[in-house]
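Biologist: Please take one part of this protein and go through it closely. I would like to know what it is built from, what covers it and how it sits beside its neighbours.

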Amino acid sequence: MPLEPDVRSTLAVGPDALATWRLNTTSGVVEGDDAMLRLWGFEEGETLTLDRVLARVHPEDVDALHATFEKSLRDKAFYRAEYRIVLPDGTVRHIASSAKPLYDEQQTIYLSGLHWDVTEERHHQRALAASERLRRVALEAAEMGVWEIELATQTVRWDAYCRQLFGFEGDGQTQLTMAWAFEIVHPQDRAAVLQTLTRATQSPESARYSIEYRVRVRGEERWIRTVARCVFVESPDGPRPERLLGVNQDVTSRRREEERAFASAELSRIALESAELGTWELNLANDTVRWDTRCANLFGFPPSETIHVDETLDVMHPDDRPVVEAALAQALDPAGTGHYQAFFRSKDSNGGERWIRSVGQAHFSTDTVDGERKAERFFGVVMDDTARRLNEESIRRWHGVLEDGGWGVASIRPEVESAVILPQTVQARAKQQSLGDPDRLAELEASGLLDAPPSEVLDRITEMACRLLKVPISLISLVDDRRQFFAGQAGLQGEVACSRETPLTHSFCQHVTTSGAPLVVPDSLVNPVVKTSRAIQDLGVRAYLGVPLTTPQGYTVGALCSISDETREWSSDDLAVLQDLGQLVVTEITLRTYVRENQRAQAAAEAASRAKSEFLANMSHEIRTPMSAILGYADILANNESDPDNLELVETIRRNGRHLLEILNDILDLAKIESGKFEVRSDWFQVDDVIEEVISMLGVRAAEQGLGLSGRFLTEIPDRMVGDATRLRQILINLVGNAIKFTDSGSVSIEVCFDSQAQGLVIAVVDTGSGIHPHQIERLFEPFTQADSTAQRTHGGTGLGLTICRRFAAALGGSLTATSEHSTGSRFELRIPAGDLQDVAMRKVNEVHPGSMATRSGNASVSKLQDQEPLKGHSILVVDDRRELRTLVQMLLEEAGAKVSTAANGAEAVEAYRQSPDKFGAVLMDMQMPVMDGYTASTALRDMGATIPIVAVTAHALSGEQERCFAAGCNAYVTKPLDGAALLHLLSEFLNVEQEEAERG
């Protein structure tokens, strides 16, 4: 039975792919063409019956196929079925079949139809299904979710894991919007996420990205890692972004571990600094020592150098070197414990001699081949032990004096009024002073011990005195002009133990303080100095031994004393012990005074830094605010003026205004660097993008001077690198701008190459300008300095640009140098590290010229945007305390089609919203205003339930301002002077998203 040609063409298959057949339902005979016989494995010319054909149908499919036949005959209807057949050799084929019932003249019923082989298609489908199952299992094992964003509709599709991860409770069919997803991103991370998405959709070269950010899900903060790419499709205008595909992973646990690890490392660093310890590590492979700054200073070596161990031993005192070498050998002995400790003398960075204590530990591993135990790592700490050694020497000298009888205290008689007198050499240290002496009281106050909580160190010293002298009570008494305060005590009972002080009527220690000499009292009842003291009756003081606590400045601030409730003959050994302990107390007081002075100095420095920051912020505000009005109204004049002479005058205002703004920015940048508030980011970026932006921005200026401007890539460069693209852009804009300024004819070029040995980029700005004398080059990098005063008069400038560039370069881990020949030209060479380039490909980049790049959308003029009326139908609240700025922004927005309301401070803005919460689509909020500032007003609006976009407008350009605005509830941040085109574009984006959401809702 031939198959009609139109049927084959409709199915679009070849003549061998289809088999025709006809079943006579009365006789059970099956007629088929050659294709059918081959397909079913029958011999040519073989007579077929329905039973023979059904015998080759897979047993699991026979009943279903038979039922299909019967239904088709009963209903006289077309059918289609799919089933398996088993050939004589065991091969299984998947057959698709379609047929319909027919009738001949005798009403005999036939089923007539087609067969075709779909085996390969089903195998392919099973493979795809298996692949999909494997992919799903892999994603579930890695705890990853898949998502897709259609850019045209701004809709998001998430799998089940992503919906769970982001806390979305709807089913998989519910459509989500990018705006909804963006809302749950942490406010501080939204700008980075938006910037990453924008970059990925700009070109196929930047389509792939990876970013980590925070989200807020049911009050919980989670860290998400996203790896994705943008899919582009071809269009008449070039590649067009169609959708974003990616995976999300919850990395909260890892980020928390990293935070804990950082905190632990920071605590370790603080502990080392607090203990004034330096760290070192000995590289056992090459016998070199690496150390931190404190350790290097103790040994007198530059901090950044790696020193051979022999050089370290060379700076030690010759008498101590053998001891250290023996201690090292013992620590590295495989049979030992690996512990190392040594005391030695060394010359410091100032040439002085210091005592060093070094403690370390060697770590061993066992070789898997020969089983030998070998030292693998060896590291430790050092501390300056000079002060303790000097104290020990002093104590030993005083013991010698006592043993020689220099004190004359073999027997103290009660009838002798005076106590022990210090030798003349020591007595000279203690100044004669009264209890009310202002300098002495100031020294006492500086210690910070008066009214301080109990000190474990000082209490332990008094406990030691009790044990050594076998007395019930020992005190460290600080005496001012009205009382004595016990900074350390052992053995006190009752109320005085709680108050830790007594009035001077109960003080023996005041006499030690005023005389600056020890006081020895075997029996207080008969001693004329103290016999009238109320401490005898009220506190039970019968015998007393006290030594003065005299600071290095010669002021006696109190006494260390031991007390007995029985009479006692104090010996010279008792006095020597108490004086030794007194030296420890004085050392502790001196250290505490030093720490407090450092803390006060640090607090003063921080206060000065804050004052400087506040001054810079106020200066920025006071200059940028009027500059915003000047440049804004100049833009309006330029858009409404046609007379060439007047336009030239307006352009002069704009040009000089921008120049003043550049000077302000330079001053602020330098101030941020010097105050330590300069921040460097580490993100992935493409260096050729930065070069293109710089050439695009400065191409017009170069063309106005008749100069050629180009970017040349002399070698292949990494496809991407880690660093701060913003700071690199600032450096190059400054360098290229200077080159254009000082080049009268010829060209300026940016030459880029990759230094494979240093794993960094070398970016040179080369010009054909007037050049610089070699002896003047280094002066270029000094603040407020130019090569000569003639250049400054001819070209202007503050002389800050190159200073900032060099410091930016250093902050990026690189360097900036210059070479030049007078009347020939100059070359400024920037070297920066490229970061970790593992798995980063190298690629060639074509030469870049200003004319070879498409105009960037950010360069659209204000007037063109206003003509499009992007804000038509939207109402915006403008809040600013300066009337001229409110008027300026109102004119700008109304020309763009917006309805504008104004408020003079944050309080008025809050009240306006309270009265008409549905009136405004967005708020433009100045942040520094009287009555109520923008930060407070933004927070108040959010507390009232306002969800409309709030755009912060600030004249502060210092670090942290953007984060402060976001924390107050703002959605975006712009600085004065306002960029009209950028502001209109920003508001248009926000309001259009709001409108689309409202329409969908």
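Modeller: What follows is a close look at the sheet that holds strand β37, with a second sheet and some salt bridges added afterwards. The model is predicted, and the values below are computed from it.

Some background on the whole chain helps first. The protein chain has 1001 residues, of which 43% count as buried. Its secondary structure comprises 31 helices and 38 strands. Taking contacts between residues at least 6 apart in sequence, 60% join residues at least 24 apart. The exposed area is about 52500 Å², and carbon and sulfur atoms supply 51% of that area.

The part in question is an open sheet of five strands, in the order β35-β34-β36-β37-β38, and the pairing is parallel. At the edges stand β35 (899-903) and β38 (972-975), each of which pairs on one side only. From one strand to the next the twist averages 20°.

Start at the β35 end. Strand β34 (residues 875-879) runs parallel to β35 and is joined to it by five bridges. Within that pairing, Val-878 has Thr-902 of β35 as its bridge partner. Helix α28 packs on the sheet here, where it touches β34, β35 and β36. The direction of α28 makes about 155° with that of β34.

Next come β36 and β37, which pair in the parallel sense over four bridges. One bridge pair is Met-925 with Ala-952, the latter in β37. Five of the five residues of β37 are buried, so the strand is largely enclosed by the rest of the structure. In a regular strand the side chains alternate between the two faces of the sheet. In β37, Ile-950, Ala-952 and Thr-954 lie on one side, Val-951 and Val-953 lie on the other, and both faces are covered.

Helix α29 lies across β36 and β37 and runs at about 155° to β36. Which residues of α29 (residues 934-943) are buried? They are Gly-934, Tyr-935, Ala-937, Ser-938 and Leu-941. Seen down the axis of α29, these buried residues fall within an arc of 165°, so they line one face of the helix. Their cover includes the two strands β36 (922-926) and β37 (950-954), together with the helices α28 (906-915) and α30 (961-967).

A second open sheet is worth setting beside this one. It has five strands in the order β26-β29-β30-β32-β31, with mixed pairing. Its edge strands, β26 (708-713) and β31 (815-821), have a single partner strand each, so one side of each is left without a neighbour in the sheet. The twist averages 15° from one strand to the next. Strands β30 (residues 760-767) and β32 (residues 825-833) run antiparallel and are joined by eight bridges. Val-765 has Phe-828 in β32 as its bridge partner. Helix α22 packs on this sheet, touching β26, β29 (747-755) and β30, and its direction makes about 170° with that of β26. Helix α23 (residues 725-741) also packs on the sheet, with contacts to β26, β29, β30, β31 and β32. The direction of α23 makes about 20° with that of β30.

Last, the charged pairs. Side chains of opposite charge can pair when their charged atoms come close. The structure holds 40 salt bridges. One of them joins Arg-827 to Glu-829, with the closest N and O atoms 3.2 Å apart. Salt bridges that share partners bring Arg-712, Glu-751, Asp-755, Arg-827, Glu-829 and Arg-831 into one network. Arg-827 is partly exposed at 28% relative accessible area, whereas Glu-829, at 17%, is buried.

Helix α22 also takes part in a salt bridge: Arg-199 pairs with Asp-689, their closest N and O atoms being 2.7 Å apart. This pair links distant parts of the chain, with Arg-199 in helix α8 (residues 187-200) and Asp-689 in helix α22 (residues 687-704), 490 residues apart. Arg-199 counts as partly exposed, at 26% relative accessibility. A further salt bridge brings together the side chains of Arg-157 and Glu-150, at 3.1 Å from N to O. Both are partly exposed: Arg-157 has a relative accessibility of 40%, and Glu-150 has a relative accessible area of 22%.

Notes
Residues numbered from 1 in each chain as written. Predicted model: local features only at pLDDT ≥ 70, side-chain atom pairs only at ≥ 80, totals over all residues. Heavy atoms only, no water. Buried < 20%, exposed > 50% of the residue type's maximum accessible area, 1.4 Å probe, protein only. Contact = heavy atoms within 4.5 Å. Areas by Shrake-Rupley, 256 points an atom, 1.4 Å probe, with all protein chains shown as cover. Salt bridge = Lys/Arg side-chain N within 4 Å of Asp/Glu carboxyl O. Pairing = 2+ DSSP bridges. Axes fitted to C-alpha atoms, helices over the stretch in contact; angles between N-to-C directions. Arc of directions from axis to C-beta.
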